[in-house]
Amino acid sequence: MNQLTPEGSSIINQLAQRYHFSFDAVCSLLQSVINGNGSMAQFNHPEFGGSGQWMRGGMIMVGDMFNNQLKRPVRQVDVLVI
């Protein structure tokens, strides 16, 4: 990923704090969304239950597929980073 601007780092940090994820985890989602051209993301981070996918339109899968408490904040962060 390209270097984040100070403003970009601040936004990532705010999202991380709001949804109780690490800065690294949110950066991982951002990179996944960038790689998917803003319409999908495939990610793999321990804070998200391992590997998972997100697609614009509402589909989300996390490593612990029945963990809805984890899906909600991942969905919110993914939507906000696009």
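# Close-up views of a predicted model

**View 1. Helix H2 and the residue that follows it.** Helix H2 is followed by Asn37, a residue whose phi is positive, near 55°, and the model shown in this and every other view is a predicted one. Asn37 belongs to the loop between H2 and E1, and because its relative accessibility is 71%, it counts as exposed. The value of phi near 55° is positive in a residue other than glycine. Most residues other than glycine have a negative phi. The helix itself has 13 residues and spans 18 Å from its first C-alpha to its last, close to the 18 Å expected at 1.5 Å a residue.

**View 2. The buried residues of H2 and the strands it crosses.** Helix H2, made of residues 23-35, lies across both E1 and E2, and it runs at about 145° to E1. Its buried residues are Ala25, Val26, Cys27, Ser28, Leu29, Leu30, Ser32 and Val33. An α-helix has 3.6 residues a turn, so residues three or four places apart point the same way.

**View 3. The three-stranded sheet.** Three strands, in the order E1-E2-E3, make up an open sheet in which the pairing is antiparallel. Strand E1 (40-45) and strand E3 (60-61) are the edge strands, each of them pairing on one side only. Strands of a sheet pair through backbone hydrogen bonds, either parallel or antiparallel. Six bridges connect E1 to E2, whereas two bridges connect strand E2 (residues 50-55) to E3. For the first of these pairings, Asn44 stands opposite Ser51 in E2; for the second, the bridge partner of Trp54 is Ile60 in E3.

**View 4. The two hairpin turns.** Strands E1 and E2 form a hairpin with four residues between them, and in its turn Gly49 has a positive phi of about 75°. Strands E2 and E3 likewise form a hairpin with four residues between them, where Gly57 in the turn has a positive phi of about 110°.

**View 5. The two faces of strand E1.** Side chains alternate along E1, with Ala41, Phe43 and His45 pointing to one face, where they are buried, while Met40, Gln42 and Asn44 point to the other and are not buried. Asn44, on the face that is not buried, is the residue that stands opposite Ser51 in E2.

**View 6. The surroundings of His45.** His45 lies in strand E1, and it counts as buried because its relative accessibility is 8%, which is under the 20% limit. Which residue's side chain makes a polar contact with the side chain of His45? That residue is Asp24, at 2.9 Å. When neighbours within four places in sequence are left aside, the residues in contact with His45 are Ser22, Asp24, Ala25, Ser28 and Gly50. Two of these contacts, Ala25 and Ser28, also appear among the buried residues of H2.

**View 7. The loop between H1 and H2.** His20 is found in the loop between H1 and H2, and because its relative accessibility is 71%, it counts as exposed. Its phi is positive, about 60°, although His20 is not a glycine.

**View 8. Thr5 and its separation from Met40.** Thr5 is placed in the segment before H1, and it counts as partly exposed because its relative accessibility is 47%. Between Thr5 and Met40 there are 23 Å in space, C-alpha to C-alpha, for a separation of 35 residues in sequence. Met40 is one of the E1 residues whose side chains are not buried.

**View 9. Confidence along the chain.** The protein chain has a mean pLDDT of 85, with 93% of its residues reaching 70 or more. Among the elements of the chain, the highest mean pLDDT, 93, belongs to helix H1 (residues 6-19), and the lowest, 72, to helix H3 (residues 68-81).

Notes: Residues are numbered from 1 along each chain as its sequence is written. This is a predicted model: local features need pLDDT of at least 70, side-chain atom pairs count only at pLDDT 80 or more; totals for chains, interfaces and linings use all residues. Side-chain values use heavy atoms; hydrogens and water are left out. Two strands pair if DSSP finds at least two bridges between them. Contact means heavy atoms within 4.5 Å. Axes are lines fitted to C-alpha atoms, for helices over the stretch in contact, and angles run from 0 to 180 degrees between N-to-C directions. The expected span of a helix is 1.5 Å times one less than its number of residues. Buried means under 20% relative accessible area, exposed over 50%, partly exposed in between (1.4 Å probe, protein chains only). A polar contact is a pair of N or O atoms within 3.5 Å; within protein, one must be able to donate a hydrogen and the other to accept it, and residues adjacent in sequence count only if both atoms are side-chain atoms. pLDDT is the predictor's confidence in each residue, from 0 to 100.
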